[in-house]
Amino acid sequence: MPAPFSVTEPPGEETPVIVEVPHAGLLVDGPALATLVAPARSIGRDADLWVDELYADAPACGATMIVANVSRYVVDLNRSERDVDADSVEGAPPNARATRGIVWRLTSDGGRVLDRPLPRRELERRLDTYYRPYHAAITSLIQRKRARFGYAILLAGHSMPSVGRAAHGDPSAFRADVVPGTRGRTSASARFIDAVDAHARASGFSVAHDDPYQGGFTTMNYGRPREASHVVQVELARRLYMDESTLQKNGGFERVREFCAELVTRLGAVRP
């Protein structure tokens, strides 16, 4: 089995930047596969396909990069451990908002992911194997960056369907090119948020802050500017770099990859 996640350090001069890619992975291990009823295509459609490659130049730009290999259908690393419900995990309390919590039971197209609620022991296995080590690694990286530089800036790299789907809060809505998620500008210093905004607009992309995504667990849990820990989630519309029907890269891929490398460099030069 591939490692649950990888951490790549910069080969040269280091910056305070951490690039996190939690949803590009497609790994489904045996015990999880036994519970899965969603088709393989849905695994791809609900992954942030190619985002790890879009940010592949981040270490060369001075950032530390952490990339998860596990599918979000196994465990969603951008959700709280408490984000479960009785239809997803046996014995969990009712929680209407947990349809796509730490364990997804419905795809974003409205199909089923699970054939039945997971036994609690299977959730704990997934947490111990994937979720907890991943977040322990992020915590360690933030602590190291703060010790060395006085602060850390985590760029959470994501992608989004270009048009809202049925399961989203904005069905059929045409989305902006770049969506910085900062929970109402609370998860990072204004200088980091404005740097993302300025870079996207200078690159010719449309921008909508927190619409439709304000940021998930990573933004909420690690975005503590008063403690010198800054987080900006960056959602990229998939039409910019891939064909959303075939799931293959399109002609815009290299442009977006250059945008991501320049963004990492720019954030590394910002001082809060």
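Residues count as buried when their relative accessible area is under 20%, and this cut-off is applied in the views below, which are taken from a predicted model.

**View 1. Thr107, a buried loop residue with a polar contact to the backbone of Asp109.** Thr107 is found in the loop that runs between strand E3 (64-68) and helix H4 (120-149). Its relative accessible area is 2%, so Thr107 is classed as buried, the limit for that class being under 20%. A polar atom of the Thr107 side chain lies 3.1 Å from the backbone nitrogen of Asp109.

**View 2. Arg72, a buried charged residue in the loop between E3 and H4.** Like Thr107, which is found between strand E3 and helix H4, Arg72 lies in the loop joining these two elements. Arg72 counts as buried because its relative accessibility is 11%, with the cut-off set at under 20%. The side chain of Arg72 reaches the backbone oxygen of Asp46 at a distance of 2.8 Å. When neighbours within four places in sequence are left aside, the residues in contact with Arg72 are His23, Asp46, Asp48 and Trp104, so that Asp46 appears in this view both as a contact residue and as the owner of the backbone oxygen reached by the arginine side chain.

**View 3. Strand E2, paired with strands E3 and E4.** In strand E2 (residues 17-21), 5 of the 5 residues are buried, and the strand is therefore largely enclosed by the rest of the structure. In a regular strand the side chains alternate between the two faces of the sheet. Both faces of E2 are covered, with Val17, Val19 and Val21 buried on one side and Ile18 and Glu20 buried on the other. E2 pairs with strand E4 (residues 152-160) in the parallel sense over 4 bridges, and within this pairing the bridge partner of Val19 is Leu155. E2 and E3 also run parallel and are joined by 4 bridges, with Glu20 of E2 standing opposite Ile66 in E3.

**View 4. The largest cavity and the residues that line it.** A search of the whole structure finds 1 cavity of 30 Å³ or more, and the volume of the largest cavity is about 40 Å³. Its lining is made up of Gly44, Arg45, Arg165, Arg238, Met242, Glu244 and Leu247. Sorted by class, this lining comprises 2 nonpolar, 1 polar and 4 charged residues.

Methods. Residues numbered from 1 in each chain as written. Predicted model: local features only at pLDDT ≥ 70, side-chain atom pairs only at ≥ 80, totals over all residues. Heavy atoms only, no water. 1 Å grid on protein atoms, 1.4 Å probe; cavity = no way out; pocket = protein on both sides within 12 Å on 5 of 7 lines; lining within 4 Å. Points joined across faces, edges and corners; volume = space filled by probe spheres on them. Buried < 20%, exposed > 50% of the residue type's maximum accessible area, 1.4 Å probe, protein only. Polar contact = N/O pair within 3.5 Å; in protein donor to acceptor, adjacent residues only side chain to side chain. Pairing = 2+ DSSP bridges. Contact = heavy atoms within 4.5 Å.
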